[in-house]
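Student: Please take me closely through one part of this model. Tell me how it sits against the rest of the chain, and how far the prediction can be trusted.

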Amino acid sequence: QIEQFFLLQLKRLFPFLIISFVLIPIIPRITNLSVTTSVIIIPYIFLTLITLLYSALLQSVKLFTIYSVIGVVGVIVKLLGVLTVPFFTIKLLGVFIFLLLSLLITFYLSRLYLYKNIELISQKNEILSKRIRTILLSREFLITLFSLLAITAFNNIDIIFVKKFFTYADA
């Protein structure tokens, strides 16, 4: 039920995905990123949203060990991208490919393990029948959401500042 709700929300965000691809030429001017990075970052963000759902579901059913193992596998795949830098003409292309591959592997393994064990999990846990919308619109959830967004923004503002106002070599 949560998965269907989340995927429905992502389908509603699909027009924003199309708009964001149209905005690719503007992104390098605003952020001082390369065009290649701008092209890769948009699918990366949307894949991250989808992958986070399954990672959160694994944690919510208290499968912390498998979540950690999948996370370590994802990090190893990301780190393998660094080894590909000498083999590509566009130096960061290999890194980007492995970043996307890491997300896809994390998504696949999380979803696979969750569906494989969902019957066991549902037999052990009693599902509460609260509506998802009431939870997502509750005051506590919104305060937590905006607090985490603000913390994330403050943690990344220096990187955005450096990318915007310094040259590529200095950044």
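Tutor: Start with a term. A helix here is a DSSP run of H or I, at least four residues long, and helices are numbered from the N terminus. The model is predicted. The part to look at is helix α4, which spans residues 35-60.

First, the setting. The protein has eight helices and zero strands. From the N terminus, the order of elements reads α-α-α-α-α-α-α-α. The chain holds 171 residues, and 22% of them are buried. Take contacts between residues at least 6 apart in sequence: 69% of these join residues at least 24 apart. The accessible surface is about 12700 Å². Carbon and sulfur atoms account for 73% of that surface.

Now the helix itself, beginning with S38. This residue lies in α4. Is S38 buried or exposed? S38 is buried, because its relative accessible area is 0% and the cut-off for burial is under 20%. What does S38 touch, beyond residues up to four places away in sequence? The partners are I24, I27, P28 and L33.

I41 also belongs to α4. Its environment contrasts with that of S38. I41 is partly exposed, at a relative accessible area of 31%. Its C-alpha atom is 8.8 Å from that of F96, although 55 residues separate the two in sequence.

L49 is another residue of α4. L49 counts as partly exposed because its relative accessible area is 33%, and that class lies between 20% and 50%.

Both I41 and L49 belong to a nonpolar surface patch of about 740 Å². Other members include L13, F16, I19 and L23. I26, I30 and I45 are in the patch too. Two elements, α2 (14-22) and α4, give two or more residues to this patch. The largest share, three residues, comes from α4.

Next, the buried side of the story. The largest nonpolar core has seven residues: L53, Y54, L57, L58, L63, I70 and L114. Helix α4 gives the most to this core, with four residues. Follow one member, I70. Which residues does I70 touch, not counting those up to four places away in sequence? They are L58, T106, L109 and S110. L58 is also a core member.

A second, separate core has five residues, L17, I24, I42 and F46 among them. L17 shows how this core links up. L17 sits in helix α2. At 16% relative accessibility, L17 is buried, because burial means under 20%. Leaving aside neighbours within four places in sequence, L17 contacts I42 and F46. The C-alpha atoms of L17 and F46 are 8.0 Å apart, with their positions 29 residues apart along the chain. I24, listed in this second core, is one of the residues that S38 touches.

For comparison, look at a contact elsewhere in the chain. V95 lies in helix α6, residues 93-124. The C-alpha atoms of V95 and G81 are 4.3 Å apart, yet the two residues are 14 apart along the chain. Beyond its neighbours within four places in sequence, V95 contacts G81, V82, T84 and V85.

Last, confidence. The mean pLDDT of the protein is 75, and 74% of its residues reach 70 or more. Among the elements, helix α5 (residues 64-83) has the highest mean, 85. Helix α7 (residues 132-136) has the lowest, 67. Over residues 125-129 the pLDDT falls below 50. That stretch has zero contacts in the model beyond near neighbours in sequence. Where pLDDT is low, predicted coordinates should not be read in detail.

To pull α4 together: this helix gives four residues to the largest nonpolar core. It also supplies three residues to the nonpolar patch. Within it, S38 is buried, whereas I41 and L49 are partly exposed.

Conventions:
Residues are numbered from 1 along each chain as its sequence is written. This is a predicted model: local features need pLDDT of at least 70, side-chain atom pairs count only at pLDDT 80 or more; totals for chains, interfaces and linings use all residues. Side-chain values use heavy atoms; hydrogens and water are left out. A nonpolar core is a set of buried Ala, Val, Leu, Ile, Met, Phe, Trp, Tyr and Cys residues joined through side-chain atoms within 4.5 Å. Buried means under 20% relative accessible area, exposed over 50%, partly exposed in between (1.4 Å probe, protein chains only). Contact means heavy atoms within 4.5 Å. Patches are made of residues with over 30% relative accessible area and no salt bridge: like charges are joined within 9 Å, nonpolar side chains (Val, Leu, Ile, Met, Phe, Trp, Tyr) within 5 Å. Accessible areas come from the Shrake-Rupley method with a 1.4 Å probe; for residues, only the protein chains shown count as cover. A salt bridge is a side-chain nitrogen of Lys or Arg within 4 Å of a carboxyl oxygen of Asp or Glu. pLDDT is the predictor's confidence in each residue, from 0 to 100.
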